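Q: Could you take me through one part of this model in some detail? I'd like to begin with a single pair of residues and work outwards from there.

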Amino acid sequence: MPQYRQFQPETYRPEMRAYWYFDRWPYLKFMLREASSVFVAWFAVVILLQLKALISGPSAFESFQRFMATPAVLVLNVVAFVFVCFHAITWFVLVPRVMARQVLQRPTPDLMSAAPNFGIWLLTSVIVALFALRII
Amino acid sequence: MADTIILEVARFSPERGLAITFQTFEVPLRSDWMVLDALNYIKDNIDGSLTFRWSCRMGICGSCGMMVNGVPKLTCESLISQFAPGPVRIEPLEHFPIVKDLVIDMDVFLEKLQKVRPWIVRKDERLPAREFLQTPAQLDTFHQYSLCINCMLCYAACPVFGLDPQFVGPAALALAERYNLDSRDQGASERTDALSQHDGIWDCTVVGECSTVCPKGVDPSLAIQQYKLTATKEWFKTWLLPWGNK
């Protein structure tokens, strides 16, 4: 510490509030983005449970389907779906910030990095929907 | 538009105890006044003991950064009329130690800045016979980062810096990247220790507010994410080619 500091008046650094993220919307949005990973994990658990039920046989799969149809799980899944979409969108929007910004010595526009991700997401969703609705 | 507006100004004096109090002032509301003009009105006409930093009044010196209604702003660039009918809450920049009223201790920032060696580093320190040449394309790679005026608004907007004061922080990291990307610089490896560590780039959680509040359009968040990519590539290189020049 520099010597001159000993003659300076005492400074004061206020502590951050524990709920600082409620102060402004951008901070709350950031925390929601971080929290959305919990719901992504929930969907991963659902898929694992589904696979386990599939392997265990028809009766296990039926009881899994009954569990998924309970109101509490339905509400949880609707909330989780919203958060997973929020997670995916914010993640894709961040892609241009962490990718190489130049192709053939020319700077790439942000859309060029983000758009393919949205495109692949849409295409995958359509294919899954076609299978789920037994169209193909 | 009303003739006056209320300002709630944070007051702090270590002699009066380690706590911030708010004092209310009524100042004229003029369409051409910045928040800084209102503060100067208070100092000149109401309370001469109110303490704050300012200098150029045109968004260049970076001295007059304060929290205006909870958002870090250069007070010389913020029209007071946009906050009408008020009241307007003026506080010192968040996350910094306060010296008096609206004045913060900027040594915290200056120490971080020095750590990242924000100047052109050359391996051969002898003066060259002629100037270094640079193409416009080479200039473009770092130009926006060179616009930083060290106003520290990005630090006040960064919750990571608030929670972990050891974090090197947005401006210092953006300026480090500014020199790393400069074609004349050869000091990238000397900056690695300060940048690629937990208190450096890896502490950043991409809140992104540093870039939003920057009055000069610098994007420190981008600089940090780009350096994360560079640091990862460098790490892979040392792992795959351990005999290479580190």
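Which residue in β5(B) stands opposite V9(B)?

A: It's I90(B) that V9(B) faces in β5(B). Before going on, bear in mind that this is a predicted model: local features need pLDDT of at least 70, side-chain atom pairs count only at pLDDT 80 or more, and totals for chains, interfaces and linings use all residues. Residues are numbered from 1 along each chain as its sequence is written, while chains are lettered from A and ligands numbered from 1 in the order in which they are written.

Now the strands around that pair. Helices (H or I, at least four residues) and strands (E, at least two) are DSSP runs, numbered from the N terminus. Two strands pair if DSSP finds at least two bridges between them. β1 (residues 4-11) of chain B runs parallel to β5 (residues 88-91) of chain B, with three bridges joining the two. I90(B) also stands opposite V68(B), which belongs to β3(B). There the pairing of β3(B) with β5(B) is antiparallel and has two bridges.

Zoom out a little and you get an open, mixed sheet of five strands, in the order β2-β1-β5-β3-β4 (chain B). Its edges are β2 and β4 of chain B, each pairing on one side only. On average, neighbouring strands in this sheet are turned by 35° against each other if direction is ignored; axes here are lines fitted to C-alpha atoms, for helices over the stretch in contact, and angles run from 0 to 180 degrees between N-to-C directions.

Take the β2(B) edge next. β1(B) and β2 (residues 21-28) of chain B are antiparallel partners, with eight bridges between them, and one of the matched pairs is R11(B) with T21(B). Follow the chain past β2(B) and you come to R30(B), in the loop that leads to α1 of chain B. R30(B) has 17 other C-beta atoms within 10 Å and therefore counts as partly exposed. For reference, a residue is buried if 20 or more other C-beta atoms lie within 10 Å of its own, exposed if 12 or fewer, and partly exposed in between, with C-beta atoms placed from the backbone. α1 (residues 35-46) of chain B then lies across β1, β2, β3 and β5 of chain B, at about 95° to β2(B).

Over at the β4(B) edge, β3 (residues 65-68) of chain B is covered on both faces: G65(B) and M67(B) are buried on one side, and M66(B) and V68(B) on the other. The antiparallel pairing of β3(B) with β4 (residues 71-74) of chain B has four bridges. M66(B) faces K73(B), and V68(B) has V71(B) as its bridge partner in β4(B). The hairpin of β3(B) and β4(B) has two residues between the strands, and N69(B) takes a positive phi near 50° there.

Elsewhere in chain B, have a look at α6 (residues 170-180), which packs with α7 (residues 188-195) at an angle of about 160°, their axes 10 Å apart. That's why α6(B) and α7(B) are roughly antiparallel to each other; angles under 35 degrees count as roughly parallel, over 145 as roughly antiparallel, 65 to 115 as roughly perpendicular and the rest as oblique. L173(B), A176(B) and N180(B) of α6(B) make the contact with A188(B), R191(B) and L195(B) of α7(B), where two residues are in contact if their C-beta atoms, placed from the backbone, lie within 7 Å. Those residues split into four nonpolar, one polar and one charged. (Ala, Val, Leu, Ile, Met, Phe, Trp, Tyr, Cys and Pro count as nonpolar, Asp, Glu, Lys and Arg as charged, and the others, Gly among them, as polar.) Eleven of the eleven residues of α6(B) are buried, so α6(B) is largely enclosed by the rest of the structure. Its buried residues pack against α2 (107-115), α4 (153-157), α7, α8 (209-213) and α9 (220-240) of chain B.

As for the whole chain, chain B has nine helices and seven strands, and buried residues make up 39% of its 246 residues. The C-alpha trace of chain B spans about 70 × 40 × 30 Å along its principal axes.
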